[in-house]
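Trainee: Got a minute to go through this fold with me? I'd like to start with the sheets and then move to a helix.

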Amino acid sequence: MNVRRSVKPKPATVHVEETRWQRRREYGECTAALVMNPEANGAEGLFNQALSNGLAAIVGHHWPGRERKGDGRVKSAAALLAFINGKVRRRGSMRVLEGRTQGYRWRTALATKTLADGIRRTDPGRHGTEGGSPPGKQHIDALVKLDTHPSLRSMGEALRDEGWMHMVASDREARVRALTYVAKLSKEEWARRQDPDYVEDYLPFDPKERDSSFGADACPVCDLETFIIEEADSFGIGIGAGTCRACGYTRTPEMAEDEAMDAKIEYEMSKGD
Ligand SMILES: [Zn+2]
């Protein structure tokens with residue numbers, strides 16, 4: 001039996017594809033985090049991580065293998081910038097790469113001087129020494145511009161992810177706040193809120209108006225039928241935005257839309273069974 005055969009490594013192309021995908025993702029996630037919060041803790045490290053991966057993807061795209069040093073490790077951001085400076089002619093203050101990929105023309109302007117300045121500025125903070133500072137707006141802008149390159153184009157996706165995580169975290173906080181609030185209420189007060197009459201005060205008095213309002217729904221946090229819907233979801237699933245009058249939980253329109261979309265997908269998938 002040939003033992004060697006059974007431990008054959010993955011084909012090299014798969015490895016290259018994985019690396020490309022990882023670089024693209026790292027660049028996108030770190031840049032999106034900086035755009036959302038330029039003064040984030042560790043902004044210096046995020047800047048370097050985003051830039052190293054972005055430049056490695058770009059150099060690897062045009063000059064495969066040249067993004068690595070002799071020992072196989074990926075070059076530093078500063079070394080990658082120096083390599084690009086040696087390969088691409090300057091146009092004004094920019095080094096411009098352009099071409100045609102899968103039928104569309106693209107053009108990426110690299111503000112190499114600004115990016116090099118960003119590295120100088122953030123390096124001390126990254127290494128824990130004095131004298132550095134987080135990247136400025138001009139450095140982050142130059143970083144974002146790399147996203148026009150066909151090897152990257154990941155920012156839109158990453159920004160959506162970042163926004164989504166922020167929304168879910170806020171919703172979780174709102175739920176915890178509501179539960180903490182309920183825990184502080186007296187037994188008598190909670191009993192009063194459980195009474196079906198309690199929610200009546202929050203519904204329109206005029207019967208006509210009441211018919212056209214969304215009414216009260218079961219609250220996803222405290223389970224009482226005291227969740228006053230102010231805005232319906234656009235899928236017609238019945239997951240509305242609003243506030244619970246018993247526990248105070250508020251579901252934002254964005255969160256309602258997201259939950260409704262999940263429910264809609266689940267419904268459509270169950271239809272296929
Ligand atoms: Zn509630």
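Trainee: How many bridges join β4 to strand β5?

Mentor: Keep in mind that this is a predicted model. β5 covers residues 227-231 and runs antiparallel to β4. One residue pair to look at is D217, which stands opposite F227 in β5. As for the bridges joining β4 to β5, the number is two.

Trainee: Okay, and which strands are at the edges of that sheet?

Mentor: Start from the strand order: it's an open sheet of four strands, β4-β5-β6-β7, with antiparallel pairing. An edge strand here pairs on one side only. That description fits β4 (216-217) and β7 (250-251).

Trainee: There's another sheet, right? Why is one side of β1 and of β3 left without a neighbour there?

Mentor: That one is an open sheet of three strands in the order β1-β2-β3, with antiparallel pairing. β1 (90-91) and β3 (104-110) stand at its edges, so one side of each has no neighbour in the sheet, and the reason is that each has a single partner strand.

Trainee: Which residue is the bridge partner of V96 in β3?

Mentor: Look at strand β2, residues 94-101, which runs antiparallel to β3. Seven bridges join β2 to β3. For V96, the partner in β3 is A109.

Trainee: On to α5. What span would be expected for this helix, at 1.5 Å a residue?

Mentor: α5 takes in residues 112-126, so 15 residues, and the expected span is 1.5 Å times one less than that count. From first C-alpha to last, the model reaches 20 Å, close to the expected value. That expected value is 21 Å.

Trainee: Which helices do the buried residues of α5 pack against?

Mentor: First, the residues themselves: L115, G118, I119, T122 and G125 are buried in α5. In general, an α-helix has 3.6 residues a turn, so residues three or four places apart point the same way. The partners of the buried residues in α5 are α3 (43-62), α4 (77-87) and α6 (137-145).

Trainee: How is α5 set against α6: roughly parallel, roughly perpendicular or oblique?

Mentor: The two helices pack at an angle of about 125°, and their axes are 9 Å apart. The contact uses T114, L115, D117 and G118 from α5, with Q138, H139 and A142 from α6. Roughly perpendicular stops at 115 degrees and roughly antiparallel starts over 145, so the angle makes α5 and α6 oblique.

Trainee: Last one: is the crossing of α5 and α6 left-handed or right-handed?

Mentor: Here we're still on the pair with axes 9 Å apart. The crossing of α5 and α6 is left-handed.

Methods. Residues are numbered from 1 along each chain as its sequence is written. This is a predicted model: local features need pLDDT of at least 70, side-chain atom pairs count only at pLDDT 80 or more; totals for chains, interfaces and linings use all residues. A residue is buried if 20 or more other C-beta atoms lie within 10 Å of its own, exposed if 12 or fewer, and partly exposed in between; C-beta atoms are placed from the backbone. Two residues are in contact if their C-beta atoms, placed from the backbone, lie within 7 Å. Two strands pair if DSSP finds at least two bridges between them. Axes are lines fitted to C-alpha atoms, for helices over the stretch in contact, and angles run from 0 to 180 degrees between N-to-C directions. Angles under 35 degrees count as roughly parallel, over 145 as roughly antiparallel, 65 to 115 as roughly perpendicular and the rest as oblique. A crossing is left-handed if the near helix is turned anticlockwise from the far one by less than a right angle, and right-handed if clockwise.
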